[in-house]
Amino acid sequence: MRPIPRAALSLFLAALLVGVVIRFATPGVLLAIAEDRQRSAVGMVTRSVTLPDGLRMSYLEGGRGQLLMLVHDFGADKDSWLRVARYLTPHYQLIVPDLVGFGDSSQPAGADHSPSAQAARLSAFCRALGIPATHVGGSGMGAQVALAWAAAQPRDVQSLWLLAPTGLRAAPESELARTLRESGRNPLLVRSEDDLVALPAYLAVKPAASTLPAFLQDLQKRERMRRLGLDERIYAQVAAEPVEAAAAQVRREAFIVFGGRDRIVDARAAPLWRALLAKSHAMVLPDTGHSPATEQPERVASDYVRFRDSM
């Protein structure tokens, strides 16, 4: 067997060392690169803007056509819209922000994360981008924020797309509400690895598998557990602001989508939402949980396009 030349061995060891350093010393950089590749694959690019109060908001932008802003759920971020974005970008120009306190946006200590406060920031966000008005979609908590925005600044919001909207005090008791009442435990707050393992199945009937390498998924999981204190404060602030008062003021057309097997929002609330929102249409997707845009992205997008075309 011929000996390996010293130069070749040195090159191999150097490459191995670089690989080890990248793998273990800079996983955050690798995660950022992997996330940007996922975004670019559906035609979205990452941008950011600083609001007049100094807070920074990160957002995704892509597509063409009329503006559609998408607002993420509690415990999520702008990337939660990527699966449905590929079906929406041929029809609309998407603006998808991280709300303050989430994702890559500012996370100031002691901030107000209530729906009305987040709505005010979205209004300032639009002013900073030079957007006079936009159609708005929101998922879960994001739907609460969208409704608060439409009530406070009706000229900003042209129509509403509400997916599994939360915050209706009069809604039938969901599995989440029953768990909170009986045990005080909130399955949406991640305290341990076991909570993380259980969460995807709690949110979705058929959770989408991550395409990231296992060690980058582990990094995301550690970040979610690190957020526990912040998530507890945000959840309490959101839960303390029911949507009834805001929704009663909204006069924009609204398309509401429920998951028939949602464990967080009971789909039996659909008639209540239709009665509350003067110009609303609602549908229930039978084999879907709390994440319609993730679980059935093509179906959800096509239904929304039909809604917009009918306006």
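What follows is a chat about a predicted model of one protein chain.

Reader: Let's start broad. How many helices and strands does the protein chain have?

Author: This is a predicted model, and its chain has 13 helices and eight strands.

Reader: And what's the radius of gyration against the globule rule?

Author: The radius of gyration is 21 Å, close to the 19 Å the globule rule gives for 311 residues, so the chain is as compact as a globular protein of that length. Along the principal axes, the C-alpha atoms fill a box of roughly 80 × 45 × 40 Å.

Reader: OK, and what share of the residues counts as buried?

Author: Of the 311 residues, 47% count as buried. On the contact side, take pairs with a separation of 6 or more: residues 24 or more positions apart account for 74% of those contacts.

Reader: Switching to strands. Is β4 mostly covered or uncovered?

Author: Mostly covered. Strand β4 spans residues 92-97, and five of its six residues are buried.

Reader: Which way does β2 run relative to β4, parallel or antiparallel?

Author: Antiparallel: strand β2, residues 56-63, is joined to β4 by five bridges. To pick out one pair, G62 has L94 in β4 as its bridge partner.

Reader: Then how many bridges between β3 and β4?

Author: Four, and here the pairing is parallel, with β3 covering residues 66-71. Q66 stands opposite Y92 in β4.

Reader: What does the chain cross through to get from β3 to β4?

Author: Through helix α3, residues 82-88, and that β-α-β crossover is right-handed.

Reader: New topic, the loop after β4. Where's G101, and is it buried or exposed?

Author: G101 is in the loop between β4 and α4, the helix at 115-129. With a relative accessible area of 0%, G101 is buried.

Reader: What does G101 touch?

Author: Leaving out residues up to four places away in sequence, G101 touches S106, Q107, H113, R227, L230 and I234. On top of that, the C-alpha atoms of G101 and D231 are separated by 8.8 Å, although these two residues are 130 apart along the chain.

Reader: L230 and I234 ring a bell. Which residues of α9 are buried?

Author: L228, L230, D231, I234 and V238. They cover an arc of only 155° around the axis, which puts them on the same side of α9.

Reader: How far does α9 reach, first C-alpha to last?

Author: It reaches 16 Å over twelve residues, 228-239, and that is close to the 16 Å expected at 1.5 Å a residue.

Reader: Now the backbone. What's phi at A164?

Author: Phi of A164 is near 45°, so a positive value in a residue other than glycine. Most residues other than glycine have a negative phi.

Reader: Where does A164 sit, and is it buried or exposed?

Author: A164 lies in the loop between β6 (157-163) and α6 (175-183). Its relative accessibility is 0%, so A164 counts as buried.

Reader: Last one, A41. Which helix is it in, and why does it count as exposed?

Author: A41 lies in helix α2, residues 27-41. A41 counts as exposed because its relative accessibility is 57%, and the cut-off for exposed is over 50%.

Reader: And how many Å separate the C-alpha atoms of A41 and L272?

Author: 39 Å, for two residues that are 231 apart along the chain.

Methods:
Residues numbered from 1 in each chain as written. Predicted model: local features only at pLDDT ≥ 70, side-chain atom pairs only at ≥ 80, totals over all residues. Heavy atoms only, no water. Helix = DSSP H or I, 4+ residues; strand = E, 2+ residues; numbered from the N terminus. Expected span 1.5 Å × (residues − 1). Buried < 20%, exposed > 50% of the residue type's maximum accessible area, 1.4 Å probe, protein only. Arc of directions from axis to C-beta. Pairing = 2+ DSSP bridges. Right-handed = clockwise from strand over helix to strand, strands pointing away. Rg over C-alpha atoms; globule rule 2.2 N^0.38 Å. Contact = heavy atoms within 4.5 Å.
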